[in-house]
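Please work through the following exercises with the sequence and the structure beside you, and try each task before you read its solution.

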Amino acid sequence: MTLQQVPTLHPTEEQFDNPIGYLASPEIRRLGDRYGFVKVVPPEGFKPPLSINEHRFRFVPRLQNLKELNLINRCRMFFHKQLANFSKTHGLGVPASDHASICGKKVHFYDFFIECVKFYQPQGEGRKLPDISSSRLLHDEKVWLCLTAKFKLQRSLLMDFYEENLLQYFNFLANKPEFSATLIEEQYPTSLLQDTNGAVSEDEEGEDEGDENCLVCGKSSDPENTLLCDSCNKPFHRYCLSPPLSKIPKNSWCCDNCIIGNGYYGFKDSTVEYSLEDFKDLSDDFDKHHFPSGKPQDIDQLEREFWELVNNTDNNVKTNYGADIHKLLQGQVSGFPTKDYIPSRYRSGELRKKYNEYVERPMNLNNLPFNKESLLSYLDIDISGMTIPWIYVGSTFSTFCWHVEDQYTLSANYQHFGATKKWYGIPSHHAEKFESYVKSLAPDLFAKQPDILHQLITLVSPFTLDQAGIDCYTANQQPGEYIITYPRVYHAGFNAGYNFNEAVNFTMTSWLDYGVMASKNYRCSGMKGSVFDLWELMMTVLEKFEESDDDDEDDDDFDLELVQKCLDSMKVKLEDEYAIQATILDSLDIKPQRYNALAAKHSYELTEQEKKEREDGISCIKCKGFCTFAFVRHYEPYTASKSYIPVTPQASPQDTEEGDKRRCSKRIRVKSDAETFKISVYCLEDYLRLQHPNVSRDEFFIAHDLEDAKALVQSAEKKLSSLLS
Ligand SMILES: [Zn+2]
Ligand SMILES: [Zn+2]
Ligand SMILES: [Zn+2]
């Protein structure tokens, strides 16, 4: 079975040096719409010298266990672990594996669970599972008809299997109505698949300083009444649990987090830092070990082998991927020539001249985001990984899992050298179909981790997707070739061996509609997806347009289609904003204040909360969206029974060094007037949904005056119509 290859484009020199104009031209865009992504082969002679300082460049790769990347495998493993934790705690027999055999047929516990869950719609909104208690399930004819059809086994056999293995666990789950209410933190425990089953490994010991405190109340007092979870090893007061335990259990005990599961999964970083040379050796060693009779050169054969390793569970193949490398040191930022660094072998004569020619080329990925036709050129901040390239050093079978680019932007990926990078992509017209299909495979996981596809940890075979009627295309990227992904195109792939790639995001005028769509989708799902404020960006475009001098012959023509799109979107947005601000003023008696604390104050004058706002931007704690025009600072009285703990985002060494584009929410406690508050920023929509607004204390801020924005829109509109007439 094979997938269709995406088109390979061969632009002329002229087209290649006006890349966004070329990629946005109607005939190329049509290809982007149809296939989702394209391969671009630069004109003959475009061979940028690698500009990495190979002596200095070091990185820490991620470890990837191939079989765990497969969505279903991982869910089955999670479920088995959860079921085992439940069984231990309740003195039941612990299942030895993730399935049982009935008449020689494998029935996975998870698959049975999903069949039952699928049958009922979840109650109301929120992150709930449907009720699958025995009182409901046992007497539901339809469910058992489906189960017998699905597993092709007699009903009585399945009934025995259910009663023996799952009935009590299902009843337990049915009594825990909402995941978010029972789970203390989405990223805790780190992962059910990675915890060490009670034994704390040496390198993890002492890492968490808060470990000795009860996870519910945060206090370390009363050790006699504290019990440790057998799975995650975290302490809990027996009376802090819900329901409380009357005494410390004699036998095994696991906390609810470890029984219900949070679905969290992340790659571990390698403990070794590599140079390129060392990493090549590592990849070669893998090849020698994995292909004792020689590595196949045929990419189709490697592809078959890769998906076998991902889809089956009878292997333990681990790979190393140097992904998302973002060093800011000279000679380590980009593989493309930059004016900040010239490798010694290019420092003289002709070679230097040749090197310098590449510094300004538009398809040098350091320049592409700032191309005049990319809206990102209007951003006045650099965003690592978005407008500053990230580097990817691959080894055999290292993987990039299914994802779309942040805010549905386009991406450009260039291969500097090395083995084939295999790509799979789903055109945007099937993005939703893809999302709902993947969700249907593991509804419980998506309830626990709604932004799982944003985490780049999940694979589903493209051949499975193709069979499910989802358009899926492929490409083999070779050295010197670009892959361009269009807006909202899910893509994934793997490396056939040691290679070196670099990627960056950019946009074109037609992207703007996708940007607006992304804001809406992120807001609905509460995903931390936005890395820049789209409305701020549009206002900047309009301001620049306002300032542009249309009499000046030299002034480059402004993209009027872009201005029109910004105007249309802004008008809708402003109407919504006027309405919601009026609602806040009417329904709550909170006076608005001008928000200029950050601009006016010195850093030593800022409160903790203001520092956080300055650092992270003003974004809503609920929907994670930027609060462009207004927000409420909400003071929630802190009560001991609230099960939250201060969270510091888990950061890899690279992240802490240079900052990460994906922001994590931090919760902080602030003492004030002898009372303790949890202070959070809410967007107006989410503030109105709050059950207990603290009206006497909460502050309503106007960050950007609507009248100013309206005036900007009106004058830009006037200017546009005069230009068009
Ligand atoms: Zn406690
Ligand atoms: Zn636990
Ligand atoms: Zn919000």
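**Exercise 1.** Decide whether helix α5 is largely enclosed by the rest of the structure or not, and describe its length and its two ends.

**Solution.** Step one is to count buried residues, where buried means under 20% relative accessible area; in this predicted model, 16 of the 19 residues of α5 are buried, so the helix is largely enclosed by the rest of the structure.

Step two is to compare lengths: α5, which covers residues 71-89, reaches 27 Å from its first C-alpha to its last, and this is close to the 27 Å expected at 1.5 Å a residue.

Step three is to look at the ends. At the start of α5, the backbone nitrogen of Ile72 has a side-chain oxygen of Asn70 within 2.9 Å, while the helix is followed by Gly91, whose phi is positive, near 65 degrees.

**Exercise 2.** Find the protein donors of the zinc ion (ligand 2) and work out their arrangement.

**Solution.** Begin with the donors, which are the SG atoms of Cys229, Cys232, Cys255 and Cys258, lying 2.3 Å from the zinc ion. Along the chain, these donors follow the spacing C-x2-C-x22-C-x2-C. Cys229, in the loop between β8 (226-228) and β9 (235-237), and Cys258, in helix α12 (residues 256-260), are 29 residues apart, and this pair links distant parts of the chain.

Next, consider the angles: four donors count as tetrahedral if all angles lie between 85 and 135 degrees, and because the four donor atoms here subtend angles of 103 to 117 degrees, the arrangement is tetrahedral.

Finally, check accessibility: Cys229 counts as buried because its relative accessibility is 0%, and Cys258, at 0% relative accessibility, counts as buried too.

Note on methods: Residues numbered from 1 in each chain as written. Chains lettered and ligands numbered in written order. Predicted model: local features only at pLDDT ≥ 70, side-chain atom pairs only at ≥ 80, totals over all residues. Heavy atoms only, no water. Donors = N, O, S within 2.8 Å, 3.2 Å for Na, K, Ca; no water. Tetrahedral: all angles 85-135°; square planar, octahedral: opposite > 155°, others 65-115°. Helix = DSSP H or I, 4+ residues; strand = E, 2+ residues; numbered from the N terminus. Buried < 20%, exposed > 50% of the residue type's maximum accessible area, 1.4 Å probe, protein only. Expected span 1.5 Å × (residues − 1). Polar contact = N/O pair within 3.5 Å; in protein donor to acceptor, adjacent residues only side chain to side chain.
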